[in-house]
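Dear colleague,

Please find the structure below, handed over for your use. A summary of the findings follows it.

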Amino acid sequence: REGLADQGLQFIRKRNEQGSLYFVTNLGSETGNLPADLTAREPYVMVTDPLTGYAYSTSANDLRLDLKPGKSLLLQTMNRTPDIPTKSAASAADTLVINSSWEVSFTGLGDDDLREVYKIDTLTPWTEWPDTLLQYFSGKATYETSFEVLSGRSASRCILQFDQIAETADVYLNGERLGTIWSFPNEIDVPPHIVQAQNYLKIVVQNVSANHMRQYDLENPGWKKFYDINFVDITYTPFDASKWKPVTSGLAGGVKLLSYP
């Protein structure tokens, strides 16, 4: 029996030529940062993030799994030290909270009646902003801000971390595309050389189409008349999106830049 199960983690384990290979995931709601006492007896472990490819090695005795909700890791035990950097999965050595103001613009369905640029100081879902038209918007919102990194900071790895994204986000830092965040735990790797003293951050967020569907059903209630079918919802009652509540959309909470030594 693996101690991983006692920590509330889910895993798959198999033996291979090097030792034991584990796929470990956290499907719970709590962040786990606990010692991982594996039943495999090999003295070394290579830890790989399957989403980014980032990998480091550690001894089996020092292995700790920093698994946020929704995150997965591959653990490969072996009898020799892997030829990759030796790192610890401990907490970040430096955390920069990005609390500057943002400019937000929208492109997509129904954007003709929206303001050209919205200026905000705190990240909250755009479906909660005073402009009620945003409750019906489905499309892309571009968030732009600048932030400063104090000189003298050095890191071998950096991560941008978001508290909440609804639903996906394309991330750009200083004009370079870092990738798309589409799953928990809402974070993305940042090559350290991209981070400068003065930085320009752009996030393009795409929400789902449900909010536009609400508006369309309000304005065009007769669109569901078809020749040979009844248009119903999952409970087999007449489909009516106009009664839906707005689906949370956009960025919310904090944005942090984590730096690892």
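Strands, as named here, are DSSP runs of E with at least two residues, numbered from the N terminus. This is a predicted model, in which local features need pLDDT of at least 70 and side-chain atom pairs count only at pLDDT 80 or more, while totals for chains, interfaces and linings use all residues. Residues are numbered from 1 along each chain as its sequence is written, and side-chain values use heavy atoms, with hydrogens and water left out.

Q161 is found in strand β12. With a relative accessibility of 13%, Q161 counts as buried, because buried means under 20% relative accessible area (1.4 Å probe, protein chains only). Its side chain is joined to that of E187 by a polar contact of 3.2 Å (a pair of N or O atoms within 3.5 Å, one able to donate a hydrogen and the other to accept it). Beyond its neighbours within four places in sequence, Q161 is also in contact (heavy atoms within 4.5 Å) with residues including K68, N186 and G254.

The largest nonpolar core (buried Ala, Val, Leu, Ile, Met, Phe, Trp, Tyr and Cys residues joined through side-chain atoms within 4.5 Å) has 36 residues, of which F106, Y143, L160 and I203 touch the most other members. Strand β12 (residues 157-166) gives this core its largest share, four residues. Another core, of 15 residues, lies apart from it and includes L4, Y22, L65 and L67.

Finally, five strands form an open antiparallel sheet in the order β1-β2-β7-β4-β5, where strands pair if DSSP finds at least two bridges between them. The edge strands are β1 (10-15) and β5 (55-59).

With kind regards

Notes: Buried < 20%, exposed > 50% of the residue type's maximum accessible area, 1.4 Å probe, protein only.
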